Amino acid sequence: MNLNLSGTVNVFKLLTKPSLCLPHATVSTFNDIPNPLGRAFEGGGKKVDIRAVILDKDDCFAYPNTNEIYPAYTERFLQLQKEYPGQRLLIVSNTAGATTYDRDGHLAKELETVTGVSVLAHRVKKPGCGDEIMAHFKSHPEVGVTHPSQIAIVGDRLMTDMMLANMMGSWGLWIKNGVKPLKDKSIFSKLEQRLGPFLMTRGYQAPDPQSPFE
């Protein structure tokens, strides 16, 4: 069983600050990510400096519980690798690389072999692994990340991926529809499909990126 203690604890923060789970931008599928990616956040005169991108795996660029790029997304995935080469592109998943689930790291190694992208080994699951992400980029100074606002987080889940972005002070790009048909998604994913629009129509919006690490 893939339990997420971090998700359970942090979800209570939404009671006082519902906007923590909201994205800064939304697209339907991985193929709809703009090129360059930073354009997704530049509406309203905002200037962004995206130096690194965090990708979720399941129902983002891969069908859930598989370790392969969904065939229809291969071209966009390769484009993103060119846009953010080397350690500028990082996969952070609550399956592959999550040491409480992928205990021997074999899923992470398999995913790295298939994608050519580094997979973060992290002890705390999303949305609570922000410090581990920043430690990774600190160990790779060539990427040039000096502030969480220079990071974009791409994923299909509001309460893990988008919450991680907002808790870190980064930018969040929500893959709203993903790979898996809505009728087959988990009850939590179905809830989020309603929750996001519900909150936004009531005036809530994602907080501007700022760093809690300073």
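In this predicted model, K126 turns out to be buried, with a relative accessible area of just 2%. That is under the 20% cut-off for calling a residue buried, so the label fits K126 at its 2%. As for its place in the chain, K126 sits in the loop between β4 (118-119) and α4 (130-138).

Being tucked away doesn't leave the K126 side chain without polar partners. One of them is D56: the side chains of K126 and D56 are joined by a polar contact of 2.8 Å. Another is V92, this time through the backbone, since a polar atom of the K126 side chain lies 2.9 Å from the backbone oxygen of V92.

Q193 is also a buried residue, at 14% relative accessibility. Rather than a loop, its place is in a helix, namely α6 (residues 187-201). What does the side chain of Q193 reach at 2.4 Å? The partner is the backbone oxygen of K176. K176 shows up again in the list of contacts: once the neighbours within four places in sequence are set aside, Q193 touches W174, K176, N177, L182 and K185.

On to the aromatic rings. Searching the whole structure turns up six aromatic pairs. One of these is made by F30 and F77, and it is stacked, with 6.1 Å from centre to centre and 25° between the planes. Why does this pair tie together parts that are 47 residues apart in sequence? The reason is where the two rings come from: F30 belongs to the loop between β1 (25-27) and β2 (52-55), while F77 belongs to helix α2 (residues 74-83). Both partners, F30 and F77, are buried. The two also have aromatic company, as F30, F61, Y70, Y73 and F77 form one cluster.

Helix α2 is home to Q79 as well. Is Q79 buried or partly exposed? At 31% relative accessibility, Q79 counts as partly exposed, whereas F77 is buried. Finally, there is the matter of how Q79 is placed relative to N67. In sequence, Q79 and N67 are 12 residues apart. In space, the C-alpha to C-alpha distance between Q79 and N67 is 19 Å.

Definitions and conventions. Residues numbered from 1 in each chain as written. Predicted model: local features only at pLDDT ≥ 70, side-chain atom pairs only at ≥ 80, totals over all residues. Heavy atoms only, no water. Phe/Tyr/Trp six-rings, centres within 6.5 Å; stacked < 30°, edge-to-face > 60°. Helix = DSSP H or I, 4+ residues; strand = E, 2+ residues; numbered from the N terminus. Buried < 20%, exposed > 50% of the residue type's maximum accessible area, 1.4 Å probe, protein only. Polar contact = N/O pair within 3.5 Å; in protein donor to acceptor, adjacent residues only side chain to side chain. Contact = heavy atoms within 4.5 Å.
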